[in-house]
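Me: Hey, I'm new to this one. Can you walk me through it once it's up on screen?

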Amino acid sequence: MRVLLVEDDVRVAGALETALRRRGYDLLRAGTAAEALAAPPVDLVLLDLGLPDGDGLEVCRELRRRGDVAIIAVTARAEERDRIAGLRIGADDYVVKPFGMAELQARIDAVMRRAARSAARQGAVTVGPLTIDLDAHRVTSDGTEISLTRKEYDLLAALARRAGAVVTRDQLLADVWQTTWVGSPHTVEVHVASLRGKLGDPALVQTVRGVGYRLRTDR
Ligand code: CA
């Protein structure tokens, strides 16, 4: 796991770097807001909010705007307002100086667990009578479970992730068969036919001639 440590206090940063490296983290260091924003992408940012060249809160906001990274804000005891503001603009958690490694490790573990959960969760797609639970790999029609083969499920899930949009045959081959080439040119058709047979409403999977298939959202 790659961590960006943003801390202008060289002594604090040095001690943290040693402790984090010992725990197996791949560590990058930044001493200023500018360095923090110029750093390559990481999994987690430990962000001191009191930086010499700018506001740590601004750094936090910018990192959050760029995408999905776990951020733990680090503040001094007196900066309670910053703590709250930090959480509001996208920090996942905070620690207050001085803190021990055990506390920091517990925060890191909690934040990374949460990040892993939200990355893994895909939710469910409901189309007419069908509910495709992409986390549980379950498909129900009006509440009754439909038993699908692995490929039938993968095919339906690939369509459900883009429900309402046309998914090309090539995309399906790549998503479901992890290839753009399979022996029989009819492989996708055959699986679509068997899937339709099990869905109750065969028209749910619409053929878009010459292009691919669409899971209809207007049924
Ligand atoms: Ca500082």
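Me: Let's start with Arg-214. Where does Arg-214 sit?
Reply: Arg-214 is in strand S14, which covers residues 212–215. Keep in mind that this is a predicted model.

Me: Is Arg-214 buried, exposed or partly exposed?
Reply: Arg-214 counts as partly exposed, because its relative accessibility is 24% and buried would mean under 20%.

Me: And which residues does Arg-214 contact, apart from neighbours within four places in sequence?
Reply: Arg-214 is in contact with Leu-159, Gly-164, Ala-165, Val-166, Leu-204, Val-205, Gln-206 and Val-208.

Me: How far is Arg-214 from Ala-110?
Reply: C-alpha to C-alpha, they are 39 Å apart in space, and 104 residues apart in sequence.

Me: OK, what domains does the chain have?
Reply: The domain assignment gives domain 1 as 2–118 and domain 2 as 124–215. Taken over C-alpha atoms, the centres of domain 1 and domain 2 are separated by 42 Å.

Me: Next, the nonpolar core. How many residues does the largest one have?
Reply: That core has 28 residues. Those with the most contacts inside it are Ile-132, Val-139, Leu-156, Leu-172, Val-205 and Leu-215.

Me: Which strands and helices supply at least two residues each?
Reply: Strands S8 (124–127), S9 (130–133) and S14 do, along with helices H6 (150–160), H7 (169–176) and H8 (187–198). H6 gives the most to this core, with 7 residues.

Me: Why would nonpolar side chains be buried together?
Reply: In soluble globular proteins, that is what nonpolar side chains tend to do.

Me: Pick Ile-132. What is in contact with Ile-132, leaving aside neighbours within four places?
Reply: The list is Gly-123, Ala-124, Val-125, Arg-138, Val-139, Tyr-153, Leu-156, Ala-160 and Leu-215.

Me: Switching topic: what coordinates the calcium ion?
Reply: Asp-8 and Asp-48 do so through OD atoms and Gly-50 through O, at 2.2 to 2.3 Å. Along the chain, these donors follow the spacing D-x39-D-x1-G. The two aspartates link distant parts of the chain, 40 residues apart: Asp-8 is in the loop between strand S1 (2–6) and helix H1 (10–22), while Asp-48 is in strand S3 (residues 44–48).

Me: Are Asp-8 and Asp-48 buried or exposed?
Reply: Asp-8 counts as partly exposed at 32% relative accessibility, whereas Asp-48 counts as buried at 4%.

Me: What about H1? Which residues of H1 are buried?
Reply: Ala-13, Leu-16, Glu-17, Ala-19 and Leu-20 are buried in H1. At the start of H1, a side-chain oxygen of Asp-9 comes to within 3.0 Å of the backbone nitrogen of Arg-11. After H1 comes Gly-24, with a positive phi near 95 degrees.

Me: What span should H1 have?
Reply: With 13 residues at 1.5 Å a residue, H1 should span 18 Å, and its end C-alpha atoms are 18 Å apart, so the two agree.

Me: Last thing, backbone oddities. Which peptide bond is cis?
Reply: The one from Lys-97 to Pro-98 is cis, with omega near -5 degrees. Pro-98 is in the loop between strand S7 (93–97) and helix H5 (101–120).

Me: And which phi value does His-137 have?
Reply: His-137 has a positive phi of about 55 degrees although it is not a glycine. His-137 lies in the loop between S9 and strand S10 (138–141) and is exposed, with a relative accessible area of 51%.

Me: What is the phi of Asp-142?
Reply: Asp-142 has a positive phi near 50 degrees. Asp-142 is in the loop between S10 and strand S11 (144–145), and counts as exposed at 67% relative accessibility.

Methods: Residues numbered from 1 in each chain as written. Predicted model: local features only at pLDDT ≥ 70, side-chain atom pairs only at ≥ 80, totals over all residues. Heavy atoms only, no water. Donors = N, O, S within 2.8 Å, 3.2 Å for Na, K, Ca; no water. Helix = DSSP H or I, 4+ residues; strand = E, 2+ residues; numbered from the N terminus. Buried < 20%, exposed > 50% of the residue type's maximum accessible area, 1.4 Å probe, protein only. Contact = heavy atoms within 4.5 Å. Core = buried A, V, L, I, M, F, W, Y, C linked by side-chain atoms within 4.5 Å. Expected span 1.5 Å × (residues − 1). Polar contact = N/O pair within 3.5 Å; in protein donor to acceptor, adjacent residues only side chain to side chain. Domains from an automatic or database assignment.
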